[in-house]
Amino acid sequence: MKKITLATLIGLVLNGCGGGGGDDSTAPQPPVETKPQAVQGTINAVNVPANTIEVNGYSYDVASVAYGTDTQFSIKDLQENMMVAVSSSSKAGALVQLEPTMVGMITHIDRVNSTFLINGATLTFSLDQNIEVNDWVMVSSLPQATATGLGYKVLSVVKFEHEGIANHYEIEGQISNLTDIQFKLGAGINVDYSNAVIEDNAPLLNGQWVEVKGQMNRDDKIFSASEVDIETYDASDNDNEIEGVVTWVSNDKSQFELNARGRFMVTGATRFEDGSKLNLNIGVMVEVIAVNGIAREIEFDNDFDGETGNQWREFEDKGLATVSDNNSMFILGDKRQIHIDAYTEFDDGLTKDNINGQHIEVEGVIIGSRYVAREIERD
């Protein structure tokens with residue numbers, strides 16, 4: 001639940017006591033915390049008799065539960081640690097939208113090593129004994145830095161016997177190794193998008209976080225996409241609170257990325273709870289309220305165990321840039337390859353088309369063995 005600070009508690013006590021005989025009408029009042037009308041995060045608790053769920057520390061009366069636009073569920077289908085988006089703007093109660101990272105059939109289970117295979121991805125999680133091979137499940141997860149790339153820290157695996165889920169495959173993840181017909185997701189899921197419908201005909205780029213629907217081909221281990229949607233936080237407003245893991249922070253902590261799919265600015269007006277600006281580091285868990293890309297409030301999850309952060313690494317370097325033929329990467333001095341993706345920002349009039357031969361400074365994040373630029377400026 002949301003915490004009351006010491007300053008707020010003292011203010012409440014003083015107000016209740018009359019503030020030592022002063023005029024209460026002029027005394028500063030403690031801030032009134034309002035429940036966000038929309039939150040994105042994991043379910044903390046489910047209370048079926050009361051018809052409520054708790055997400056990001058707030059309790060919501062549930063009016064409906066849905067997956068996509070057509071499949072309806074009930075509160076009895078919900079479990080702790082499932083990823084959801086909740087909207088409470090309706091007078092009837094909260095509209096709960098299931099937001100799994102993967103939906104599909106489990107094709108292999110290794111209970112000794114706590115791993116299972118779904119949609120071409122081997123994930124680590126101790127499954128319930130009632131979940132078996134060929135069961136259809138929803139997987140909720142957060143981005144996880146691994147030795148091979150941006151993988152998945154599994155939060156929950158929920159089995160469903162629902163006609164709206166059977167034979168439905170879905171994967172979310174970050175694009176890498178993009179070609180004209182294929183790309184990789186996460187730490188190595190191969191996706192063929194040659195026959196897919198791309199949302200709004202937007203160009204696909206390395207580094208984008210996407211939601212892919214289609215069919216898993218078990219023989220050739222390739223996910224055949226029928227639809228690819230680019231996922232961002234561009235639509236978030238001042239009533240929307242987003243939970244996630246910080247996947248990059250600039251050196252001066254003026255901006256950061258959340259869940260590898262959205263960048264937020266930090267200003268002098270940004271409020272911090274349960275921590276300070278100094279605690280804003282890659283791999284930490286936060287809840288963010290943002291307005292037009294500017295973080296209004298950042299709350300740190302002090303109970304976060306840090307397991308998604310132990311592989312996160314950042315880098316900073318400078319040197320002469322030599323660009324490759326496809327402009328998607330360059331050599332910095334004689335040191336290493338630096339990749340350019342959808343979240344790379346250029347300053348000082350630089351672009352990926354004119355950095356060749358320029359002396360530059362680079363900040364970025366290391367994903368597996370790949371050095372990916374986040375900010376590039378002149379040296």
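This section describes the salt bridges, the largest pocket and two buried loop residues of a predicted model.

A convenient place to start is with the charged side chains. A search of the whole structure returns 11 salt bridges. One of them pairs R263 with E345, whose closest N and O atoms are 3.1 Å apart. This pair ties together distant parts of the chain, since R263 belongs to strand β20 (residues 262–265) and E345 to strand β27 (residues 345–346), 82 residues apart. The two partners differ in their surroundings: R263 is buried, at a relative accessible area of 15%, whereas E345 is partly exposed, at 32%.

A second salt bridge brings the side chains of E297 and R271 together, with an N to O distance of 2.8 Å. Here too distant parts of the chain are linked, with E297 in strand β23 (residues 294–300) and R271 in strand β21 (residues 271–273), 26 residues apart. E297 counts as buried at 8% relative accessibility, while R271, at 44%, counts as partly exposed.

A third example involves D317 and K335, with 3.1 Å between the closest N and O atoms. D317 sits in strand β24 (residues 313–323), and K335 lies 18 residues away in the loop between β25 (329–332) and β26 (336–339). D317 is buried because its relative accessibility of 13% falls under the 20% limit. K335 is exposed because its relative accessible area of 53% is over the 50% limit. Beyond individual pairs, E257, R263, D341, E345 and R374 are joined into one network by salt bridges that share partners. R263 and E345, the pair described at the outset, are thus both members of this network.

Attention now turns to empty space in the model. The largest pocket holds about 1,000 Å³. Its lining comprises 44 residues, and those nearest the pocket centre are A85, Q97, L98, E99 and E231. Elements that give two or more residues to this lining are β1 (38–47), β3 (58–67), β5 (83–87), β6 (94–98), β10 (136–145), β12 (169–176), β16 (209–217) and β18 (240–249). Of these, β5 contributes the most, with 5 residues. By residue class, the lining of the largest pocket consists of 18 nonpolar, 16 polar and 10 charged residues.

Two loop residues round off the picture. The first to be considered, A196, is located in the loop between β14 (189–192) and β15 (197–198). A196 is buried, with a relative accessible area of 17%. Although 29 residues separate A196 from A225 in sequence, their C-alpha atoms are 5.4 Å apart in space. Setting aside residues up to four places away in sequence, A196 touches A225, S226, E227 and V228.

Q208 is found in the loop between β15 and β16. Like A196, Q208 is buried, here with a relative accessible area of 9%. The side chain of Q208 makes polar contacts with the backbone at two residues: it reaches the backbone oxygen of P203 at 3.3 Å, and one of its polar atoms lies 2.8 Å from the backbone nitrogen of L205. Apart from neighbours within four places in sequence, the contacts of Q208 are G173, Q174, I175, P203, I230 and A342.

Technical notes:
Residues are numbered from 1 along each chain as its sequence is written. This is a predicted model: local features need pLDDT of at least 70, side-chain atom pairs count only at pLDDT 80 or more; totals for chains, interfaces and linings use all residues. Side-chain values use heavy atoms; hydrogens and water are left out. A salt bridge is a side-chain nitrogen of Lys or Arg within 4 Å of a carboxyl oxygen of Asp or Glu. Helices (H or I, at least four residues) and strands (E, at least two) are DSSP runs, numbered from the N terminus. Buried means under 20% relative accessible area, exposed over 50%, partly exposed in between (1.4 Å probe, protein chains only). On a 1 Å grid over the protein atoms alone, a cavity is a set of points where a 1.4 Å probe fits but cannot get out, and a pocket is an open set with protein on both sides within 12 Å along at least five of seven lines; lining residues have an atom within 4 Å of a point. Grid points are joined across faces, edges and corners, and a volume is the space filled by probe spheres set on the points. Ala, Val, Leu, Ile, Met, Phe, Trp, Tyr, Cys and Pro count as nonpolar, Asp, Glu, Lys and Arg as charged, and the others, Gly among them, as polar. Contact means heavy atoms within 4.5 Å. A polar contact is a pair of N or O atoms within 3.5 Å; within protein, one must be able to donate a hydrogen and the other to accept it, and residues adjacent in sequence count only if both atoms are side-chain atoms.
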